[in-house]
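Student: I've got a model open and I'd like to learn how to read it. Could you walk me through it feature by feature?

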Amino acid sequence: GIGKRDIYKCVKLPNGEWSRALNIGTTINTEFEEDAPFLTADGKTLYFSSNMPGGFGGMDLYRVTKVNGKWGTPHNLGAKVNTTSHELFPHIDSKNILYFATEGWGGFGGLDVVKIDLQKDTKPTNLGFPINSNKDDFGLIMKTDKSGYLSSNRRHGGIDDDVLFFFDKRRGLRC
């Protein structure tokens, strides 16, 4: 790689196997950290976290688009999303809502999952309990309007991460 953490891609080959990992390029991967990528369904926009210069502090969320098969220059999502702390694990749902983990937008402690409609001039909204806990909660992926997956280290006192399935926020979480 180029930096401490870079973003790679693999391509599924016709025989069902995967290609070797390929670094996606120097416009995204720098000597800094690039982490937690999310590629939109059309394959044209990549969201990721980075501590590259020009951010607000810690890890910030960035967006980069692909034009004519090449990734452009990453753009910081700005103060509407980023804080002086860490913003990580972006996910865009089918309604173009950005979900991400943050230490900087307040919450229950550790990383909390928040959401924001990037088309509106609003602040991120904490998803509350039971999605968030006093441990690290991150990596949320929505499958439907009321269900999805979430990573958290709440189950074993914060010493390891588990993937949880959630359904209808009022009914709780299951592993």
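Student: Let's start with strand 8: how many of its six residues are buried?

Tutor: First, the terms: strands (E, at least two residues) and helices (H or I, at least four) are DSSP runs, numbered from the N terminus. Buried means under 20% relative accessible area, exposed is over 50%, and partly exposed lies in between, with a 1.4 Å probe and protein chains only. In strand 8, five of the six residues are buried, so this strand is largely enclosed by the rest of the structure. Keep in mind that this is a predicted model, where local features need pLDDT of at least 70 and side-chain atom pairs count only at pLDDT 80 or more, while totals for chains, interfaces and linings use all residues. Residues are numbered from 1 along each chain as its sequence is written, and side-chain values use heavy atoms, with hydrogens and water left out.

Student: Which sheet does strand 8 belong to, and what is the strand order there?

Tutor: In general, strands of a sheet pair through backbone hydrogen bonds, either parallel or antiparallel. The criterion used here is that two strands pair if DSSP finds at least two bridges between them. Strand 8 is in an open sheet of four strands, ordered 8-9-10-11, with antiparallel pairing. Strand 8 (87-92) and strand 11 (125-126) are at the edges with a single partner strand each, so one side of each has no neighbour in the sheet.

Student: What are the bridge partners of Glu87, His91 and Ile92 in strand 9?

Tutor: Glu87 is matched with Thr102, His91 with Tyr99, and Ile92 with Leu98. Strand 8 and strand 9 (residues 97-102) pair in the antiparallel sense over four bridges. Their hairpin has four residues between the strands, and Asn96 takes a positive phi near 65° there. On to the next pairing: strand 9 and strand 10 are antiparallel over six bridges, and Tyr99 has Lys115 as its bridge partner in strand 10.

Student: Which way do the side chains of strand 9 point?

Tutor: Ile97, Tyr99 and Ala101 point one way, Leu98, Phe100 and Thr102 the other way, and all are buried.

Student: Which residues make up the largest nonpolar core?

Tutor: A nonpolar core is a set of buried Ala, Val, Leu, Ile, Met, Phe, Trp, Tyr and Cys residues joined through side-chain atoms within 4.5 Å. The largest one has 11 residues: Phe38, Tyr47, Leu61, Leu77, Val81, Ile92, Leu98, Phe100, Val114, Ile116 and Leu118. Strand 9 and strand 10 (112-117) each supply at least two of them. Apart from that core lies another, of 10 residues, including Tyr99, Leu127, Leu164 and Phe166.

Student: What does Leu61 touch?

Tutor: Contact means heavy atoms within 4.5 Å. Leaving out residues up to four places away in sequence, the contacts of Leu61 include Leu77, Val81, Leu98 and Phe100, and also Glu87, Leu88 and Pro90.

Student: And where does Leu127 sit?

Tutor: Leu127 is in the loop between strand 11 and strand 12 (137-142). At 10% relative accessibility, Leu127 counts as buried.

Student: What lines the largest pocket?

Tutor: Picture a 1 Å grid over the protein atoms alone: a cavity is a set of points where a 1.4 Å probe fits but cannot get out, and a pocket is an open set with protein on both sides within 12 Å along at least five of seven lines; lining residues have an atom within 4 Å of a point. The largest pocket has 18 lining residues, with Tyr99, Lys115, Met142, Asp145 and Lys146 nearest its centre. Strand 9 and strand 12 each supply at least two lining residues.

Student: Which backbone angles deserve a look?

Tutor: Most residues other than glycine have a negative phi, and most peptide bonds are trans. Phe89 has a positive phi near 55°; this residue is in strand 8 and, at 27% relative accessibility, counts as partly exposed. Ala36 has a positive phi near 50°, lies in strand 3, and counts as buried at 11% relative accessibility. Finally, a cis peptide bond joins Phe129 and Pro130, with omega about 10°, and Pro130 is in the loop between strand 11 and strand 12.
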